Amino acid sequence: MTQYNRLTPELIEELKAVAPDHILTGEDINEDYARDEMPIYGSRMPDAVLQATSIEEIAGVMKFCNEHRIPVTTRGAGTGLVGGCVPVYGGVVIETIRMNRILSYDLENFSVTIEPGVLLQQLAEDALTKGMMYPPDPGEKLATVGGNVATNAGGMRAVKYGTTRDYVLAMKVVLPNGEITEYGAKVSKTSSGYSLLHLMIGSEGTLGIIVELTLKLIPAPKATLSLIVPFEDIDTAIATVPKVKMSNLDPQAIEFMEREIMDVSERYVGREVFPKQMGGTEIGACLLIAFDGQKEEELYERVESIAEILTEAGAVDVLVVDNPQKLRNTWAARSGFLEGIESETKLLDECDVVVPVAEIARFLRFARKTGEECGLEIKSFGHAGDGNLHIYQCSNDLEKDEFIRRVDVYFEKLYKEAVSCGGLVSGEHGIGRGKVKYLAESVGETNMELMRGIKRVFDPNLILNPGKVCFE
Ligand SMILES: Cc1cc2nc3c(=O)[nH]c(=O)nc-3n(C[C@H](O)[C@H](O)[C@H](O)COP(=O)(O)OP(=O)(O)OC[C@H]3O[C@@H](n4cnc5c(N)ncnc54)[C@H](O)[C@@H]3O)c2cc1C
């Protein structure tokens, strides 16, 4: 069992000298620093917060904390959904959100170099002004890109473009002992030893602090088009996904949504977006499919081909969303799913499994049936194109302890089923604090011990983000 030291008043004074004017303590620390967007995984106030403005400050504080065995937790925007930035052992939170400069573009090498606290929305919009696109598109646009890299965030466009990992060329990192190092380079291929770059991506702040990033950009597509495809039921909707993928028509996104979640989101955004009834058929589910390319005419050709496939496979209709306002409203409604659920639910937890695409329909049926057996209300949506499902457990009636007990039973069954059908515990939100037990059960002791070994090499004193990923 690791023993940590507490920040005594004397140590706090020394810490303040390391980063003058940027350390918060006591009542100056806002309660938001105690949690992320999934409060069910608990909260804990840090003893001090570094509102970092430079790499040197982060390195100085990290070195100080390592010498004094004080736990450190890195925080981007705190939008994570697995308790990853919660300082479960107290100590110091290092917040990167003030390091938000886009440092330089290298358009000849299709890359941009940024500080870690740049927000996803800020980067996406700025890149567009240069005619470039940063393809990763997770739902929360106000997350930091550093947080996106630390969790290997996915998002809607992963079907065509892949996840955050595919766009990280290089990074600067502060190691747990305060040393500053660099991984990767502005090159498009490498076979140069173990990839420490890729080890850092998705390590959820447990191996080092990402303090600078060089990211890959692509030329921005000139045209986009979305389709709302209504179905009578979710099973028919999901069954079309392999056919859509086989068509070779290169969709950018294929999202699925059940009736209940569409209604929740429409109540939240205050407008109707998705069809409820068409030609006498009640609409039980929709797919939202997006295409992008260089010319609008070419996209319409693709849409014609895909419409044929979809109607043959049971779609009630294929609605083209090409009006800019309607397009914005549709994707705003899609992005509002989680906030919509939050606005109507007292207790909430989430399972972000990823399963092979051909298993989605069967897995969703299992999730619904098991939810009923466990006495939990289940709401689900997700990225049908890559098998990443967001299955929410909700309650407005249960006491918190009973809710947690039931969710635990539910998760045991769900994750076991996911693994047995070839899936994994998390598609994009990570392990954080909430899913350590399920990761251990799914990968087995040998692999958990390898992960712990890697952690010990980077962080022998186990001070960086303790209690997360592979350490309970
Ligand atoms: C409405 C909503 C929609 C979302 N949609 C998606 C989605 O579509 N896809 C998806 O993948 N996620 C999604 N998320 C989850 C969340 O936005 C992502 O996990 C995001 O990457 C977290 O970034 P952050 O800056 O908020 O990080 P935080 O929550 O602050 O931290 C997350 C983890 O990263 C670590 N970390 C943060 N910054 C650094 C750094 N500079 N160096 C090292 N470690 C660091 C933290 O220690 C922590 O473990 C959504 C969340 C919400 C609330």
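1. Start with how domain 1 and domain 4 sit in this predicted model. Their C-alpha centres lie 31 Å apart. There is a contact patch between them all the same: 10 residues on the domain 1 side meet 11 residues of domain 4. On the domain 1 side, that patch is made up of seven nonpolar residues and three polar ones, with no charged residue. For orientation, domain 1 runs over 9-95 and domain 4 over 345-435, with domain 2 (102-219) and domain 3 (223-338) in the stretch of chain between them.

2. Next, the ligand. Its surroundings count 38 residues, and the ones that come nearest are G76, G80, G84, G147 and G205. Which elements give two or more residues to this shell? They are β3 (72-75), α4 (145-151), β10 (209-216) and α12 (337-344). Helix α4 gives the most, with five residues. By residue type, the shell splits into 20 polar, 11 nonpolar and seven charged.

3. Now look at G117, which is in the loop between β6 (111-114) and α3 (120-129). Buried or exposed? G117 has 23 C-beta neighbours inside 10 Å, so it counts as buried. Its contacts, leaving aside neighbours within four places in sequence, include the run T96, I97, R98, M99 and N100. G76, T144 and G146 are on that contact list too. One of these partners, G76, is also among the residues that come nearest to the ligand. For a sense of scale, M278 is 161 residues away from G117 in sequence and 46 Å away in space, C-alpha to C-alpha.

4. On to the nonpolar cores. The largest one has 80 residues, and V229, C286, L287, I289, V353 and I360 have the most contacts inside it. Take C286 as a way in. Outside its neighbours within four places in sequence, C286 is in contact with I228, V229, P230 and F231, and also with A237, M257, M262 and F274. Another core lies apart from this one; it has 54 residues, including M99, M132, Y134 and A143. M99 is worth a second look, as it also turns up among the contacts of G117.

5. Helix α9 (residues 259-269) deserves a point of its own. Its buried residues are I261, M262, V264 and S265. Down the helix axis these residues fall within an arc of 160 degrees, so they line one face of α9. What does that buried set pack against? The partners are the strands β13 (253-258), β16 (285-293) and β19 (377-383), together with the helices α11 (324-335) and α12. M262 also appears among the contacts of C286. Right after the helix comes G270, with a positive phi near 75 degrees.

6. Helix α12 can be read alongside α9. Here F337, L338, G340 and I341 are buried. They cover an arc of only 160 degrees around the axis, which puts them on the same side of α12. The buried residues of α12 pack against α9 and α11, and against the strands β18 (347-351), β19 and β20 (388-395). Remember that α12 is also one of the elements giving two or more residues to the ligand shell.

7. Two residues other than glycine have a positive phi that you may want to check by eye. D250 has phi near 60 degrees, and is found in the loop between α8 (241-246) and β13. D250 counts as exposed because it has 12 C-beta neighbours inside 10 Å. V469 also has phi near 60 degrees, but its place is in the segment after α16 (445-458). With 24 C-beta neighbours inside 10 Å, V469 counts as buried.

8. Last, P135, which is in the loop between β7 (132-133) and α4. It has 25 C-beta neighbours inside 10 Å and so counts as buried. Which residues does P135 touch, not counting those up to four places away in sequence? They are R157, Y161, Y167 and I218. L213 is 78 residues from P135 along the chain, and their C-alpha atoms are separated by 15 Å.

Conventions
Residues are numbered from 1 along each chain as its sequence is written. This is a predicted model: local features need pLDDT of at least 70, side-chain atom pairs count only at pLDDT 80 or more; totals for chains, interfaces and linings use all residues. Domain bounds come from an automatic or database domain assignment. Two residues are in contact if their C-beta atoms, placed from the backbone, lie within 7 Å. Ala, Val, Leu, Ile, Met, Phe, Trp, Tyr, Cys and Pro count as nonpolar, Asp, Glu, Lys and Arg as charged, and the others, Gly among them, as polar. A residue is near a molecule or strand if its C-beta atom, placed from the backbone, lies within 6 Å of it. Helices (H or I, at least four residues) and strands (E, at least two) are DSSP runs, numbered from the N terminus. A nonpolar core is a set of buried Ala, Val, Leu, Ile, Met, Phe, Trp, Tyr and Cys residues joined through C-beta atoms within 7 Å. A residue is buried if 20 or more other C-beta atoms lie within 10 Å of its own, exposed if 12 or fewer, and partly exposed in between; C-beta atoms are placed from the backbone. The arc is that of the directions from the helix axis to the C-beta atoms.
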